[in-house]
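Work through the exercises below with the sequence and the coordinates at hand, and try each task before reading its solution.

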Amino acid sequence: MKIDSTTFHTPLWAKIVTKKQPQQRCEMGMVGLGVMGRNLVLNMADHGSSVAGYDKDQAKVDALRKEAAERNVRSATNIVDFIALLRKPRAIMMLVPAGPPVDSVIKELLPHLEKGDLIIDAGNSYFKDTDLRARTLTANGIQFLGVGVSGGEEGARHGPSIMPGGSKEAYERVRPVFEAAAAKVNGDPCVTWLGPGSAGHFVKMVHNGIEYGVMQLIAETYDLMKRGLGLNDDEMHEVYALWNKGELSSYLVEITSQIFSKQDEKTGERLIDEILDVARQKGTGMWTSQSAMELQVPIPAIDLAVAMRDLSVLAKEREQASPIYLRPMRRFAGDQNLLLAQLGRALFTGMITVYAQGMALLAVASEKYEYHLDLEAVVRIWRGGCIIRAALLEDICAAFHARCDLPNLLLDANLSRKVMEHQEDLRRVVCQAAESGVPTPGLMVSLSYLDAYRSAWLPANLTQAQRDYFGAHTYERIDAKGVFHTKWEAE
């Protein structure tokens, strides 16, 4: 993105417009008045901030004006009018789709900005794009923040989890607005400055990766109950509602319970049964997996969740394969209540491994990219407003409070005790699923990750030998330092 430094001289028309505007101007601007942008504007206004919204779509501007009513909110469909509504130095937030739309908005804004103005990208941008934009804009006198926002439509309106990264000075400018709008847990706002550069967007990316993993595990428990136990929607609603009252208490388990009781207005049947079994992925899960591979951090549960979304898209192929590999689905035998209890504990154990993998990735990335993340603070702001909020996060907070340099949550005394208490349930569920033919790859890989991580010996010595055999890649020895090569084939 090429920026001409002459862009930042104030043109004559801007001076004329400025003279015509009232003295009271808005402290925050919002570009993009879709569901998230509009709701965040209303949220900020409800908490005392004056906000100006901008969108080229007149219908979206009209919707904001209607909902804003008497709030301190102004709006425009023209970029010049929008800029004139903002207090200097300006602070402008964008909530637009990641990728080219972000660069397009920045390009549109730049001719109207001055040195010292601030642009905030609050979308799900790829962290490397955020670093590039920050360097380019900072070199031209424009401050930039990459900010993750989690909570969906409801969170944006009533209090999201906010993950800012970039200049600490720039964050301090908007900190009061963010803290007022963010979700609160025990009075503490679910927002904090996370670190320089792309720290905020990297944390949000991993947050979404964890979200992928947990959602996959929950989907597998649904499949086991539906096809393995033959439970109906009412019964599954009750199971998830019960689970949400215990150690599995979380936003995702809570909404899962509610989903099974929702009636379809069109058919009168349960809506869940009318939804196509295809779930595409938009990028953040894939980016998490790619980043983990670049940093050589194993996150197999998250990788698997991304792969299963891709597999779900292959609906026609799955339909063709079904009669070829025909095998009757075998219902679980035995005490149904016992199996459900084991399934809940297996889900909890799997969730711990998903969070462990995500936090391990953050720990390595923090050092590699010099984010200097406070992992306890990261988890603390996830406790409210965001999609992956869960009672489990209190234990994770305590783990990082006790040891800020903890490389993996599975090494924490409290969490490892809980895993040990439930690991046999996970094993039983995986065995039952394999026998019945219900696919549970997330639960299976969670168990395999646990078994591999706790194993003092792994068969990687054979991998070293094979690589040296066919490619002379050398190997290391137990009894001597250095690298070695062997001529494996007999003379």
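**Exercise 1: a helix pair**

In this predicted model, helices α15 and α18 are oblique to each other. Find the geometry behind that description, and identify the residues that form the contact.

Solution. Begin with the axes: α15 (residues 336-368) and α18 (residues 413-436) pack at an angle of about 125°, with their axes 7 Å apart. An angle between 115 and 145 degrees counts as oblique, and therefore the pair is described in that way. Next, consider the handedness, which is that of a left-handed crossing. The contact itself includes L339, L343, F348 and I352 of α15, and L415, K418, V419 and L426 of α18. Sorted by class, the contact has nine nonpolar, five polar and four charged residues.

**Exercise 2: salt bridges across the sequence**

Which residue forms a salt bridge with K418, and are the two partners buried or exposed?

Solution. The partner is D395, with the closest N and O atoms 2.7 Å apart. K418 belongs to helix α18 and D395 to helix α17 (residues 392-402), so placed that the pair links distant parts of the chain, 23 residues apart. Both K418 and D395 are buried.

**Exercise 3: a contrasting pair**

How does burial compare within the salt bridge of R133 and D103?

Solution. Locate the partners: R133 lies in helix α6 (residues 127-139) and D103 in helix α5 (residues 100-109), so the bridge ties together parts that are 30 residues apart in sequence. Their closest N and O atoms are 2.9 Å apart. R133, at a relative accessible area of 3%, is buried, whereas D103, at 30%, is partly exposed.

Methods
Residues numbered from 1 in each chain as written. Predicted model: local features only at pLDDT ≥ 70, side-chain atom pairs only at ≥ 80, totals over all residues. Heavy atoms only, no water. Axes fitted to C-alpha atoms, helices over the stretch in contact; angles between N-to-C directions. Helix = DSSP H or I, 4+ residues; strand = E, 2+ residues; numbered from the N terminus. Parallel < 35°, antiparallel > 145°, perpendicular 65-115°, else oblique. Left-handed = near helix turned anticlockwise from the far one by under 90°. Contact = heavy atoms within 4.5 Å. Nonpolar A, V, L, I, M, F, W, Y, C, P; charged D, E, K, R; others polar. Salt bridge = Lys/Arg side-chain N within 4 Å of Asp/Glu carboxyl O. Buried < 20%, exposed > 50% of the residue type's maximum accessible area, 1.4 Å probe, protein only.
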